[in-house]
Amino acid sequence: MSHSLRRAQLATANSTAEIRRLVNTCRSHFCTDDELHALFTLIRPGIPSGLIADVVDVFCDKLWGPAFDPLRKLDSELMMARRTYAVCALEGLSALGLTSPSACKTTAMPIVRRTWPNILNWMRYFCYEITDSGRPAKDPEGVWLVKVMTKVIGAISRDDEAFFNQALIKDEGFLETIIKIWWKSDRKDDTAPGMSCFAFFLVDISVKHLILLPRHVAFPKNSSGASSSQFVIQETVMRAVKGDAIGLAKRVIGYLSNPAHQEREEYKYVCCAIDFISHIIGDYDKGVFLVDSTLGAAFFRKQLGLHAMRQLEFVMLDANLKDPIVPSAQLPELTSSLYGLTTCGFMAFGALHWISVILNHGFLRFVGILVHFPYLQAEEKRSLTACFTTGIPQLMVHREFVISVIKAVKIATKDGSAERIESSFLGDAWRNLWRLVIERTAFNAIYERSCIDHFYEKRKCANCGRIEEFLEKGLSKCAGCSVAVYCSRECQKEAWKKSHRLECGSLKGTARSANEAMKYGTNNFLDRLFKIDVRRHASGIKAAINRDKVLKDAPLRDIVLIVSYIAYPPTIKPYHISEAPKDLDEASHGELARLHQALLPSQFLVYLKSSRGGAVSFQLARRQSTNLLDGPVAYGGDAAVVSTTNAEASASMSSWSRAPAQSFGGRDLEFEVDGIDACLLEAHRNYRPGASGVDSSEATTLIIWRKEFEMKTLSPT
């Protein structure tokens, strides 16, 4: 036996003997905190297997003390006397993390379970000291206590998961204690593996366990009236971080986007961030995200969709490497979660802004890669298809959003993303979107040249639409978001009740960028668009009226036309005044009767239904002259449009003209060719197939034509 090995054995024997001596000393009620600390120093490298139960018993025995209640004043002398022992005892228990899990589970955990109320009592006290007692944020002892408590909770969750999960349910305040410990951990450790990252891991596994349980099971003592475990957890999180939702979102997204975490060992913290966000703002019963909650709005303000999209791009690139960081078994679930976080902006109030953000940062390029990713599952494919068939089209009644889409499509056409999308399961959806983009491009060009209203779009009251230049006092910004503007306090209150309360929180801090995508007040672009669409389908609308037994004999002023741009193609449905409320929200009922009484004999009512994102549609009433049903007119004048389509163009009209609007039962309305169709017809006539020797399949030539057409036409000013 070598001398060095012999010396090591002697040192170990001496250390074990000293530990045993200190254990016997500390069992006395008169031991000092110095002796407890000396015991901790000896066991810091690890507790000898034969002494685990004795050492843990000593430390747990020193954790008795008065029950902590932040609302009741404690005996300061008693608390301070016991506090010194408690600090040393928790410090000693933190060494369990360096001991064999199997040994701890069989010898240490029975003692921990027996004395758990005392352990939790002191951790709650120290959390109070750190967070609520006025202690400086970077107090060295506070930082050290956070690390000690993190190690203790980590050892318990590792060695006895069942007891840890039971404690989350049984002990009120344990979840909040865990969140507070993480919240007060050193944020410098967020950039690399450390106690801060480990504390967040503990938060994530706690939330993950409780979120899926019914509220009465997960929180039996909670009396807040919350309808689900998720809402109770949201309330608990907000209490723990003292209402700092923005700070919470910033810190969690930091785990998601930190390049230091894109390594094999550290990537688990990225997964923790994804899990936490998905659980905290995801509605698992409905399969959507609670984007209108305080926490949901905070994550949106910190560009959640953009960061999730960047992370999923990293995952897709990593999957192609020979030695990927993310195991293939995790890819389906990880892809699903990141996709949901990327596209949850489509369901948000204020989606105009959030979708514009990701469109301007390469969303179509991202989709071009995603559609061919083998781990994209059927549910995500259906959702992505809905984004292109409903999510984007329903917002293309807002001029600035139309321009954002046009720019994104131009880039996708040039970099090849358009071809990749069209060759995937999104082919039909992409072609329909392209068709809509071409339509809106032509309409936007006509709109800009025949109407000066768009110069005033940013300067109108968000409720009544009055132009700022004509107001004596000007417009005042909403104090919450600084995006919406109002001409009076009354208009602000009315808008708040209608819809602004749903989107105000998520728009806070985005005034500069949101104004580029969101048009408040009268949407002149939509006003012009619906008139053109009604004129184009005038013959079809009249035919639908004549087919209805009630409508055909009714005067036109008793007919309400409901034009909806919630889906594409739009729908145009005529109703009798007595039946129209069935298709309108309750707020429109009284307005409908009032406006109907004020109609002139030569007028009728039109209701517009449009969206700015989210589940709520915006309904606007318009009084219109009956000559709107006389058919298309030349834009900029009143002369009727004369159809100049030849037989060849008429035969292929479905391939170049705008999609007809639909009426009841999804029936296409008859329409007449108008000025926008003339622009599309010209592009169709100028198209030439590829030269001989070039693949001239329908898909290829369509792409070639699109590339040529977009160079000439897709040029928004």
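Is Asp318 buried or exposed? Before answering, keep in mind that the model on your screen is a predicted one.

**Stop 1: Asp318**

Select Asp318, which you will find in helix H16. With a relative accessibility of 3%, Asp318 counts as buried, because buried is the word used for anything under 20%. If you set aside the neighbours within four places in sequence, the residues in contact with Asp318 are Pro324, Ile325 and Val326, so display these three together with Asp318.

**Stop 2: Gln303 and the second largest cavity**

Next, select Gln303, which sits in the loop between helix H15 (294-301) and helix H16 (304-319). Its phi is near 60°, a positive value in a residue that is not glycine, and at a relative accessible area of 28% Gln303 is partly exposed.

Gln303 also belongs to the lining of the second largest cavity, together with Phe300, Leu304, Gly305, Leu306, Thr342, Gly345, Trp354, Ile355, Val357 and Ile358. Select this whole set, and you will see that helix H16 and helix H18 (351-359) are the elements that each give two or more residues to the lining, with H18 giving the most, namely four residues. The volume enclosed here is about 90 Å³, and the lining is made up of seven nonpolar and four polar residues, with no charged ones.

**Stop 3: Lys242**

Move now to Lys242, in the loop between helix H12 (229-240) and helix H13 (245-257). Lys242 has a positive phi of about 60° although it is not a glycine, and, with a relative accessible area of 55%, Lys242 is exposed.

**Stop 4: Salt bridges**

Side chains of opposite charge can pair when their charged atoms come close. In this structure there are 15 salt bridges, and a few of them are worth selecting in turn.

Begin with Arg382 and Glu379, whose closest N and O atoms are 2.7 Å apart. Both residues lie in helix H20 (residues 378-391), where they are three residues apart, or about one turn of the helix. Arg382 is exposed at a relative accessible area of 53%, whereas Glu379, at 48%, counts as partly exposed.

Then select Arg399 and Glu400, which form a salt bridge with an N to O distance of 3.5 Å and are both buried. For a linked group, select Glu176, Lys180 and Arg239, which are joined in a network of salt bridges.

**Stop 5: Arg440, Glu439 and the largest cavity**

Select Arg440 and Glu439, whose side chains meet in a salt bridge at 4.0 Å, N to O. Arg440 is buried, with a relative accessible area of 6%, and Glu439 is buried too, with 5%.

These two residues lead you to the largest of the seven cavities of 30 Å³ or more, which has a volume of about 110 Å³. Of the 14 residues that line the largest cavity, Glu439, Arg440, Asp533, Pro570 and Arg658 lie nearest its centre. Helix H23 (427-450) and helix H26 (524-536) each supply at least two lining residues, and H23 gives the most, with four. By class, the lining of the largest cavity holds eight nonpolar, one polar and five charged residues.

**Stop 6: Tyr568 and Pro569**

Finally, select Tyr568 and Pro569, which are joined by a cis peptide bond with omega of about 0°. Pro569 lies in the loop between strand S5 (559-564) and strand S6 (571-576), so colouring those two strands will frame the last view of the tour.

Notes: Residues are numbered from 1 along each chain as its sequence is written. This is a predicted model: local features need pLDDT of at least 70, side-chain atom pairs count only at pLDDT 80 or more; totals for chains, interfaces and linings use all residues. Side-chain values use heavy atoms; hydrogens and water are left out. Buried means under 20% relative accessible area, exposed over 50%, partly exposed in between (1.4 Å probe, protein chains only). Contact means heavy atoms within 4.5 Å. On a 1 Å grid over the protein atoms alone, a cavity is a set of points where a 1.4 Å probe fits but cannot get out, and a pocket is an open set with protein on both sides within 12 Å along at least five of seven lines; lining residues have an atom within 4 Å of a point. Grid points are joined across faces, edges and corners, and a volume is the space filled by probe spheres set on the points. Ala, Val, Leu, Ile, Met, Phe, Trp, Tyr, Cys and Pro count as nonpolar, Asp, Glu, Lys and Arg as charged, and the others, Gly among them, as polar.
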